[in-house]
Structures are given as structure tokens and as C-alpha cells.
Amino acid sequence: MSPAQTLTAIPGYTGNLTWLPARTILLTRHGSHAYGLNTPESDLDIKGVAIPPAEYLHGFERRFEQAESKDPDLVIYDVRKFISLAAQCNPGIIEILWSDDEDLLALSPLGQKLREHRVGFLSLKAKHTFSGYAMSQLHRINIHYKWLKNPPSAPPERTSFGLPAEVATTMRDQIGAALAMIQTEVATWDDLSWTDMDESSKIALKAQVAEYLARVQVTKEALFLSAGRQLGFEDNFLDLLQREKQYRAAKQEWDSYHTWLKTRNPKRAALEAKYGMDCKHAMHLVRLMRMCREILTPGVVQGKRPAREELLAIRTGAWTYDQLVEWAKGEDEALTALAKTSKVLPYGPNRVKLDALCRELVEAQLHLDGNLAP
């Protein structure tokens, strides 16, 4: 069945943007249903793209970036925000352009034009977004694995870090201010907001810097001390600050651990207790890395996942924690090497062409509205 050309209603949407259905140019199932990995318990996710009316484009009183609602989970993006995110090879955005036809809920001629240009959004930045997000997932899995195997048994005590049990308010304020100053100084070395790089390029550069610092054995502690000395603090005071920082980190981990215990899904918690990790996160980690490899080689995005049964098996514990960690680290290294030698895709998209596409779509909608002369 062909998707409707014009929507009169959006499933589950209860917001007050009455113009949204008619101006949604693309609407599709997303998430596990789009990957073919849904189970009877899976929630329905829907994502789409809309072109707002002229007053949202030309004025400043009204703004639109995205519309959201629950039951089902729904997000519809302003076409300008969508194209900007897609140009960064954002996984959750790129996937919308490559949904299988059977998952499309609405597709206007302008939505079809957007899909026809989907290859133009693919670039080697996929290595830093798809695989980068997967490695972030692995970091979360590692933390939870540590909590499961060796959970903190008691809140940290200040005296365990060589700190006084009680601190006067004035001294506590001075320590807090000094830590904030040093952390701000360290953050300036990691801050790339002043550049014109998009998010995927920042991820890549930060990874390269971290790799270099590890290779020359520059630790976080060394960076902390260097920043403190540049700000004029004495070494004795910096030693106190480091111990205070270590205590606060331990306290933060204790708090995070108990928040995790209280908020995790009971069914997924049972899997974690049995297998040592959140198997759903493990499945999506593998999916993201495999999608990354597909993008870097044939240069396409597959919606419905090949090896579906294997991925579903991973979700129910087919891979051990050690197997997942070994595979993920090896695959990340392999994808790094592949990105360096791949001839299939450019390093980045042609942003001039994508900007022209965005303007073409917006202006075409305004012509339809009668807000622009033909």
C-alpha cells in the first residue's frame, strides 16, 4: 500500500500545531520495528520531517525545531534541523531516510525528493558517529558490568581519601571554587565550540587527542595539575584538591549506582543479573557497528537488518560480556582502518548541495502555500 500523500492526522499526536499533519512530508516507523528486530513487547517509534509555515521561517516570535508526543513515541523534525543533523551522519536521522517502503506512513512529493538525495548525506563521518555511538554504549555496559560484579557496598568516606570528616563552610566554598576554576581551564583544552567543525568531526578530533595523550602517557591527573599550576595554586593545595576531586567522583558513582538500581527496567535487570550486561544495549551496539561497515563499503544503509536472528539472540544473552567487548574493540579498530582506505564515500558531504536542497524544499512548500510568487 502506498503511503498517504497528505496526512490529516498523525498517530498519537496531541499537540496544538494544527498545521503539522498537512506539512509533514515524511513519516516512518523507526527503531526496532524499522530494523525488523521488534518483539511483542517492543514500543512503536515514529519519526518524521515537516516544513513549517512561513511565519515560523521569517519571523522570530514563533519557532519550531521538532514536535514530540508519547504513545507512540513520536518525533517530527523541522526540515532544516533534520538536514543539518543528517549532514553530520547522525545515525538516528540517517536511518529515517533509508526506511523500507513498508515502514513509510506518509510520503509527499517533497518527502520523496528528500529521500532521492539520501546518498548525498553519507560520508566517512559515519565511522565517528555510528561506531562512536556504539563505543559509548560499550562504555555504559562496562560501568554496569562493574556494578554487577563488584557493587559499591557503602558510601565513600572523606577520611578514606585523607580528607577531614567535616569541612568549614568557608573552606568548602574555596575548594569548590578552585575545583571549578581548574575544571574550566581543563575544559578549554577540550572545547571545540569555537570551530566550524560539525559534531562528527569533533568526535574524531577528540578521539585522536585522547589517543595521543594516552600514547605519551599524559593522564587526567597530570592535566589537572598542569591546569592548577597555570592558575597559580601551590602543590600542597593541589594535592588537597585532587583528593577532594577523587572523593567527589566516588560519591558521584555511589549516587549513580543507586539511581541505576532504582530506575532500570525489571526485565532488562533480570538479563543483566544473568548475563552481566544489558543485552538490548549489546544488540544495538552490534547493529550500529555493522551498519557502519555497510555504509563505509557499499555506501548504503540497510533498514531491515541482515542476520536478524543472530541479533535477537544477542538480545537474549547469546554473547558473553567478554565476547562482546573483544568483538567491539576489534571491530572499532577495523572500521578505523577501513575509513582510512575507503574510496566509496567522501570525508564529508557536499554541504553546499545539501543547503540548496533544503532551500528548494522550503521554497517549494511556500509556493504551494502561495507565500512566494512562482
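Select Ile 51 to begin, and display its neighbours: leaving aside residues up to four places away in sequence, Ile 51 touches Trp 19, Arg 23, Ile 25, Val 79, Leu 110, Leu 361, Val 362 and Gln 365. The model on screen is a predicted one, and what follows should be read with that in mind. Ile 51 sits in the loop between S2 and helix H2 (54-58), and, with a relative accessible area of 0%, Ile 51 is buried. A distance label between C-alpha atoms will read 8.4 Å from Ile 51 to Leu 20, although 31 residues separate the two along the chain.

**The whole chain**

Now zoom out and colour by secondary structure, which should bring up 15 helices and five strands. Of the 374 residues in the protein, 44% are buried. If contacts are restricted to pairs at least 6 apart in sequence, 75% of them join residues at least 24 apart.

**Helix H15, at Ala 364**

Next, select Ala 364, which is found in helix H15. Is this residue buried or partly exposed? The relative accessibility of Ala 364 is 23%, and because the cut-off for buried is under 20%, Ala 364 counts as partly exposed. Draw a line from its C-alpha atom to that of Ile 51, and the separation is 10.0 Å, for a pair lying 313 residues apart along the chain.

**Helix H5 and its two sides**

Leu 110, one of the residues that Ile 51 touches, leads to helix H5, which spans residues 109-116. Show the side chains of Leu 110, Gly 111, Leu 114 and Arg 115, which are the buried residues to look for in this helix. Turn the view until you look down the axis of H5: the buried residues fall within an arc of 145°, so they line one face of the helix. On the face turned away from that buried side, pick out Pro 109 and Glu 116, which are exposed. To see what the buried residues of H5 pack against, add strand S1 (24-30), strand S2 (45-50) and strand S5 (104-107), together with helix H3 (79-87), helix H4 (91-97) and helix H15 (351-369).

Moving on along the chain from H5, select His 117, in the loop between H5 and helix H6 (126-149). His 117 has 35% relative accessibility and therefore counts as partly exposed. Its C-alpha atom is separated by 9.0 Å from that of Leu 97, which is 20 residues away along the chain.

**Helix H3**

Helix H3 is among the partners of the buried side of H5, and it can be examined in the same manner. Select Val 79, Phe 82, Ile 83, Ala 86 and Ala 87, which are buried in H3. Viewed down the axis of H3, these buried residues stay within an arc of 130°, so they line one face of the helix. They pack against S2, strand S4 (73-78), H4, H5 and H15. Just after H3, stop at Cys 89 and check its backbone, where phi is positive at about 60°.

**Asp 103, ahead of S5**

Now select Asp 103, which is found in the loop between H4 and S5. Is Asp 103 buried or exposed? Its relative accessibility is 3%, and Asp 103 therefore counts as buried. Leaving out residues up to four places away in sequence, Asp 103 touches Leu 27, Thr 28, Arg 29, His 33, Ala 34 and Lys 304.

**Two helix pairs around H10**

Two packed helices are described by the angle between their axes and the distance between the axes. For the pair H9 (residues 220-230) and H10 (residues 235-263), the axes come within 10 Å and cross at roughly 135°. The two helices are therefore oblique to each other, and the crossing of H9 and H10 is right-handed. Show Glu 221, Phe 224, Leu 225, Gly 228 and Arg 229 in H9, which meet Asp 235, Leu 238, Leu 241, Gln 242 and Lys 245 in H10. By class, this contact has four nonpolar, two polar and four charged residues.

Keep H10 displayed and add H6 for the last stop: H6 and H10 pack at an angle of about 85°, and their axes are 11 Å apart. That angle makes H6 roughly perpendicular to H10. The contact is formed by His 144, Lys 146, Trp 147 and Leu 148 of H6 with Glu 253, Ser 256, Tyr 257 and Trp 260 of H10. The residues of the contact of H6 with H10 comprise four nonpolar, two polar and two charged.

Methods:
Residues numbered from 1 in each chain as written. Predicted model: local features only at pLDDT ≥ 70, side-chain atom pairs only at ≥ 80, totals over all residues. Heavy atoms only, no water. Axes fitted to C-alpha atoms, helices over the stretch in contact; angles between N-to-C directions. Helix = DSSP H or I, 4+ residues; strand = E, 2+ residues; numbered from the N terminus. Parallel < 35°, antiparallel > 145°, perpendicular 65-115°, else oblique. Left-handed = near helix turned anticlockwise from the far one by under 90°. Contact = heavy atoms within 4.5 Å. Nonpolar A, V, L, I, M, F, W, Y, C, P; charged D, E, K, R; others polar. Buried < 20%, exposed > 50% of the residue type's maximum accessible area, 1.4 Å probe, protein only. Arc of directions from axis to C-beta.
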